Amino acid sequence: MNIKEYAEDVGKTSKEIFDACDKLGISYENEESFLSQEDIILLDNSVETIVDEEEIEDEMDEEIEEEEKLVELAKSTKIDIENETNFEKFNKSKRQQESKKQFLKDKKKIYKHKESLQSVDSVGNDIIVYHDGMSVSDIAKELNVSNSDVIKKLMSLGVMASVNQEIDFDTAQVLVELYEKKITSQDKLDVTNFEEMETIDNAEDLVTRPPVVTIMGHVDHGKTTLLDTIRKTNVALGEAGGITQVTSAYSVKYNDRLITFIDTPGHAAFTQMRQRGANITDIIIIIVAADDGVMPQTIEVIDHAKAANCPIIVAINKIDKPGANTARVLTQLTEAGLVPESYGGDIIVNEISAKNNIGIDELLENILLVADMNDYKANPNRYATGVVIESSKSDKSGVNATLLIQNGTLRLSDPIVVGNYFGKIRSMKNDLGQNIAQAGPSTPVEITGLSDVPEAGDKFLAFDDEKRAKQVAQERFLRSQDKNANLKGVSLDTLFEKIKTGENSINVILKADLKGSLEAIKTSLSKIDIEGIKVNFVRAAVGGITESDVILASTSNSIIIGFNTRATSSVSNIAKQKGVTINTYDIIYKLIEDVESSIKGMREPKFEEKVVGELEIRQIFKFSKVGLIAGCHVTSGHVKINSKARLIRDGIVIYKSTIKSLQIEKDQAKEVKNGQDCGLTIDNCQDYKEGDIIEIYEEVEVNWKVQ
C-alpha cells in the first residue's frame with residue numbers, strides 16, 4: 001500500500017499523511033512511496049490522534065458548554081423535580097451528553113494508546129501445536145523437557161519410541177496431558193477458515209461474560225410482548241434497548257448483571273444461521289401460550305431448539321387469561337420431549353404473563369441461574385470474533401452490520417473480515433444507538449466500514465494486520481466460488497462411509513401421512529441396533545415434507561424419510577441446493593429394510609423413483625358414462641398414457657395408480673407436455689379436488705455398492 005492509497009483508506013489527504021509520517025519518522029518521497037506493514041501500524045495508532053486531537057478537544061469543550069447551558073436552562077425554567085416526565089427528559093438529555101463526552105475520551109485514548117491484543121491465531125502458554133511428522137524430539141522441545149523424559153513417559157504408556165521417531169496426534173495428545181498441557185493440530189489454526197478454527201485461551205485470560213438468550217415460539221403466543229416487557233425492565237439505562245431501536249439485539253441489566261437478548265425472525269431463520277456455523281445463543285426460551293397450548297409450530301420450534309444443543313427454558317405465557325391451562329401445557333411439553341422439572345425432568349418452566357409483567361423477575365433469575373451452571377467465559381484480551389445478526393446498506397452510511405461479539409474485544413479502526421468481505425471499523429454503536437470506542441464479549445454492536453453486505457450468520461474475525469486481513473478475505477472469496485459445486489449431504493447410500501469414520505448414530509427426519517404410521521415406523525427404526533449404531537429422530541411428525549424440514553436436515557446432517565408423503569417441486573429444489581436427500585416410501589417394511597441394509601453397507605441394487613412430470617387439477621368435469629375427469633395444467637415435465645401417477649393433497653399421497661385416459665380438448669392424446677392443458681383419469685380413482693397435485697414418475701434401476 002502506498003501513501004495515496006492509505007490516505008484514501010483512512011479518509012485523509014496525502015498532505016495530512018505526509019505530516020503524520022514526518023512526526024513519526026517514516027521516510028517517503030511522494031504519494032507513490034510504499035508503506036511497510038510496520039509503517040501502517042504506526043500510522044493506524046497515531047494518525048487519528050495527530051490529525052483529530054484538536055477536533056476532539058473542541059468537541060469535548062462544546063459538549064461541556066452545551067451541558068452547562070442545559071443545567072442553566074433547567075434552573076431558569078424552574079423544572080419541577082416532582083414532574084417525572086420533565087425530569088426524565090432532563091436526565092435523558094444529560095445522559096446523552098455524558099455518553100458522548102465519554103465516547104470522545106475513549107476514542108482519544110484508543111488512538112493515543114492503542115495496545116496490541118492477542119493475535120487471531122495465537123495459542124495459550126499451555127498449548128502445544130501439533131504438525132504432521134512431529135517427532136519425540138520436537139515434542140520434548142515444545143514441552144521444554146528432555147528427550148529422555150518424554151521417552152520415559154511414552155514407555156509408561158506402553159509406547160517404545162526413539163528420539164527421531166514420529167508420534168501420531170492421538171499418542172501426542174495423551175502424552176501432553178501427562179504434563180498438564182493441551183494440544184491442538186496445525187490445521188485447526190487456519191485463519192482463512194476461521195469458522196472451524198479452534199481458539200484456546202489461557203485460563204487466567206478468561207472472564208465471565210453475559211449469557212446470550214434467544215426467545216422462540218408460535219405466532220401470537222407473546223414473544224414480542226415478552227421481549228418488550230423485558231426491555232422495559234432495563235430502567236437503569238433509562239430507555240429501551242435495541243440496535244437503532246430495531247428489535248434485533250440488546251442488553252438488559254438485572255441484579256447488576258447483563259443479559260444479551262437476540263431476536264431472530266423465526267426458527268427457520270435461526271436454523272439457517274446455525275447452518276452457516278453461527279451458534280449465536282447460549283440459552284433458548286420457548287414461549288407457549290397457556291390458553292392455546294403446544295401448537296404444530298411450537299413442535300417445530302422445539303425440534304430446532306433441540307438441534308441447537310443448548311439449555312432450554314420454557315415460559316408458559318398468558319397464565320392470567322380465561323381458558324389458561326398450564327397442566328395441559330406441561331403434559332404436551334412432556335409428549336414433545338421436553339420434560340419439566342415438576343415431572344422429574346430437567347427443563348425449567350416459568351409461568352408468566354408478559355402483558356402484565358407477572359413472573360418476569362423469576363424468568364430472568366432462572367436465565368442467570370442457567371448461566372452460572374454453564375459458567376460462560378470469554379477472553380477480552382484477544383482480537384474479536386463473532387457473528388452477524390443482520391445487515392443492510394444505505395446511501396447515507398453505506399454498509400451497516402449488527403454483530404454479536406462472542407470472544408475478544410472489537411475496537412474502532414480494527415481491520416475485520418466478515419464472511420468473505422474486508423473492512424475497517426469506522427463507527428460502532430451500542431444497543432442504545434450510542435457511539436462507543438470498543439466492546440467486549442457477548443456485546444451486540446452496529447458497525448460501518450465493510451466493503452459489502454454480509455449475510456446473517458456469517459462469522460467475523462478482527463485482525464492486528466490490515467494487509468493480512470485483506471489477504472484472508474480474498475482467499476475466502478476464491479474458496480467460496482466452488483463451494484456450492486462441492487456441496488454434498490448425507491444419504492442412505494453414504495451412511496456406510498459415515499459409519500466407517502466413527503459415527504455412532506444416524507440422524508433422521510421422519511414425515512408420515514398418519515399418526516399410526518408414524519409411530520409404527522418410529523418403533524421399528526428405534527429397534528435397529530447394529531454394532532452400536534442407532535437411529536436418532538431429529539424430527540418425527542405427520543404432514544408433508546416442508547422447507548423447514550430441509551433446513552433442519554441440512555443443519556443437523558439428517559436424512560429425510562417420507563412415508564406416503566411428498567415434497568413439492570420447490571421444496572425438492574431447495575433440498576438439491578442444500579445437498580439434502582429425500583427418501584420416500586409407501587411400504588413400511590421396505591423403508592425399514594433400506595435403512596437397516598444401509599447401516600450394514602449391504603444394500604442390493606434398487607429401483608429409484610424419478611419424477612418426470614407434475615400437474616395441477618384446476619377443474620372437475622362430470623360425465624355420466626365416464627364419471628369424474630380431472631381438468632389439469634402440466635406445470636413441469638410431461639405425462640403419458642399408462643404413466644405411473646400419485647394423487648397428492650396438502651402434501652399427502654391419497655392415491656396411487658396409472659393414467660388411464662388422456663386427452664387434449666376432445667382429442668385423445670398419448671402425451672401432454674409442460675405448459676399444456678389436458679383432461680385425464682387415474683385408473684379406479686374418482687376422488688379429485690381442485691388444487692390437488694398429480695405427480696408422474698418412473699422407476700429406474702440404480703446399481704448401488706459400497707466403494
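# A tour from the open sheet outward

Start with strands S5 and S6 (residues 257-262), which run antiparallel and are joined by six bridges. This is a predicted model. Select Val252, and then Ile259 in S6, its bridge partner.

Now widen the selection to the sheet that these strands belong to. The sheet is open, with six strands in the order S5-S6-S4-S7-S8-S9 and mixed pairing. Strand S5 (249-254) and strand S9 (348-351) are its edges, each pairing on one side only. With direction ignored, neighbouring strands in this sheet are turned against each other by 30° on average. Strands of a sheet pair through backbone hydrogen bonds, in either the parallel or the antiparallel sense.

**Strands S7 and S8**

Move along the order to S7 and S8. Six bridges hold this pair, in the parallel sense. To find the register, select Ile285; Ile313 in S8 stands opposite Ile285.

Buried or exposed: how do the residues of S8 fare? Six of the six residues of S8 are buried, so the strand is mostly covered. Show the side chains of S8 to see two sets: Ile312, Val314 and Ile316 point one way, while Ile313, Ala315 and Asn317 point the other way. Both sets are buried.

Next, bring in helix H12 (residues 360-374). H12 lies across strand S4 (212-217), S5, S6, S7, S8 and S9. Relative to S6, H12 runs at about 100°.

**Salt bridges**

Stay with S7 and S8, and look at the loops that follow them. Select Lys321 and Asp291, whose side chains meet in a salt bridge at 3.3 Å, N to O. Lys321 sits in the loop between strand S8 (312-317) and helix H11 (326-335), and Asp291 in the loop between strand S7 (283-289) and helix H10 (296-308), so the salt bridge ties together parts that are 30 residues apart in sequence. Lys321 is partly exposed, its relative accessible area being 37%. Asp291 is also partly exposed, at 22%.

The structure holds 21 salt bridges. Another one to select is Glu466 with Lys424, at 3.4 Å from N to O. Glu466 belongs to helix H13 (residues 466-480) and Lys424 to strand S15 (residues 421-429), so that distant parts of the chain, 42 residues apart, are linked. Glu466 and Lys424 are both buried.

Then go to Asp687 and Arg649, a salt bridge whose closest N and O atoms are 3.3 Å apart. Here too the pair links distant parts of the chain, 38 residues apart: Asp687 is in the loop between strand S29 (677-682) and strand S30 (693-702), and Arg649 is in strand S25 (residues 644-649). Asp687 counts as partly exposed, with 38% relative accessibility, whereas Arg649 counts as buried, with 17%.

For a group beyond a single pair, select Asp303, Lys511, Arg539 and Asp549. A network of salt bridges links these four residues.

**Helix H15**

Turn to helix H15 (residues 515-526). What span should its twelve residues have at 1.5 Å a residue? The expected value is 16 Å, and the end C-alpha atoms of H15 are 16 Å apart, which agrees.

Colour H15 by accessibility. Ser517, Leu518, Ile521 and Leu525 are buried. These buried residues cover an arc of only 100° around the axis, which puts them on the same side of H15. An α-helix has 3.6 residues a turn, so residues three or four places apart point the same way. Rotate to the other side of H15 to find Lys515 and Gly516, which are exposed.

**Ile599 and Ile533**

Select Ile599 in helix H18 (residues 588-600). Its relative accessibility is 4%, and Ile599 therefore counts as buried. Add Ile533 to the selection: the two C-alpha atoms are 7.7 Å apart in space, although Ile599 and Ile533 are 66 residues apart in sequence.

**The whole chain**

Finally, zoom out. The protein chain has 18 helices and 30 strands. It is 707 residues long, and 47% of these residues count as buried. Among contacts in the chain with a separation of 6 or more, 72% are between residues 24 or more positions apart.

Definitions and conventions: Residues numbered from 1 in each chain as written. Predicted model: local features only at pLDDT ≥ 70, side-chain atom pairs only at ≥ 80, totals over all residues. Heavy atoms only, no water. Helix = DSSP H or I, 4+ residues; strand = E, 2+ residues; numbered from the N terminus. Buried < 20%, exposed > 50% of the residue type's maximum accessible area, 1.4 Å probe, protein only. Expected span 1.5 Å × (residues − 1). Arc of directions from axis to C-beta. Pairing = 2+ DSSP bridges. Axes fitted to C-alpha atoms, helices over the stretch in contact; angles between N-to-C directions. Contact = heavy atoms within 4.5 Å.
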